[in-house]
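Dear colleague,

Please find below the structure I am handing over to you. My notes on it follow directly after.

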Amino acid sequence: MTEFEKEVLKAVVKIPFGETRTYKWVAEKIKRPRAYRAVANALRKNPYLLVAPCHRVIKSCGDIGGYSQGQAQKKRLIKLEKTI
DNA sequence: ATCATGACTAATG
DNA sequence: CCATTAGCCATGA
């Protein structure tokens, strides 16, 4: 586990239930405004799927983005949380 | 040290 | 609005 990945996760767990943030937002949150690509890289490995709500992280343009468990699942979770 | 790889982004045509 | 391009950064080989 690298420090960078930890920072990314720490930022991700701060995302409120039912809301979404962008990769760029996370990057800025960890004081690395231009590491949004590296952020995605860290999430891609995603070892804390159950503690880090990485399904709430989407692209800045509003697109769904990717997910280790599949975009469909990601979309479902977001929609579900938005409903509750 | 160098190179390729991505769940990306912003700018340009 | 859609496609292409260049810029970006941590990570692993």
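**Contacts with the two DNA strands**

In Leu 43, a backbone N or O atom is placed 2.6 Å from a base nitrogen of DNA strand B. Please note that this is a predicted model.

Leu 43 is one of the residues that come nearest to DNA strand B, together with Tyr 23, Lys 24, Asn 41 and Arg 44, out of 15 residues around that strand. Of the atoms of DNA strand B that come within 4 Å of the protein, sugar and phosphate make up 49%. The side chain of Tyr 23 has an N or O atom 2.7 Å from a base nitrogen of DNA strand B, while a polar side-chain atom of Lys 24 is 2.5 Å from a phosphate oxygen of that strand. The surface near DNA strand B draws at least two residues each from α2 (23–29) and α3, and α3 gives the most, with seven residues. By class, this surface has six nonpolar, five polar and four charged residues.

For DNA strand C, sugar or phosphate holds 64% of the strand atoms within 4 Å of the protein, and bases hold the rest. Two or more residues of the nearby surface come from each of α1 (3–12) and α3 (36–45); the largest share, five residues, belongs to α3. The side chain of Arg 37 has an N or O atom 2.8 Å from a base oxygen of DNA strand C. In the side chain of Lys 45, an N or O atom is 2.9 Å from a sugar or linking oxygen of DNA strand C. The surface near DNA strand C has five charged, four nonpolar and two polar residues.

Yours sincerely

Methods. Residues are numbered from 1 along each chain as its sequence is written. Chains are lettered from A and ligands numbered from 1 in the order in which they are written. This is a predicted model: local features need pLDDT of at least 70, side-chain atom pairs count only at pLDDT 80 or more; totals for chains, interfaces and linings use all residues. Side-chain values use heavy atoms; hydrogens and water are left out. A residue is near a molecule or strand if one of its heavy atoms lies within 4 Å of it. A polar contact is a pair of N or O atoms within 3.5 Å; within protein, one must be able to donate a hydrogen and the other to accept it, and residues adjacent in sequence count only if both atoms are side-chain atoms. Helices (H or I, at least four residues) and strands (E, at least two) are DSSP runs, numbered from the N terminus. Ala, Val, Leu, Ile, Met, Phe, Trp, Tyr, Cys and Pro count as nonpolar, Asp, Glu, Lys and Arg as charged, and the others, Gly among them, as polar.
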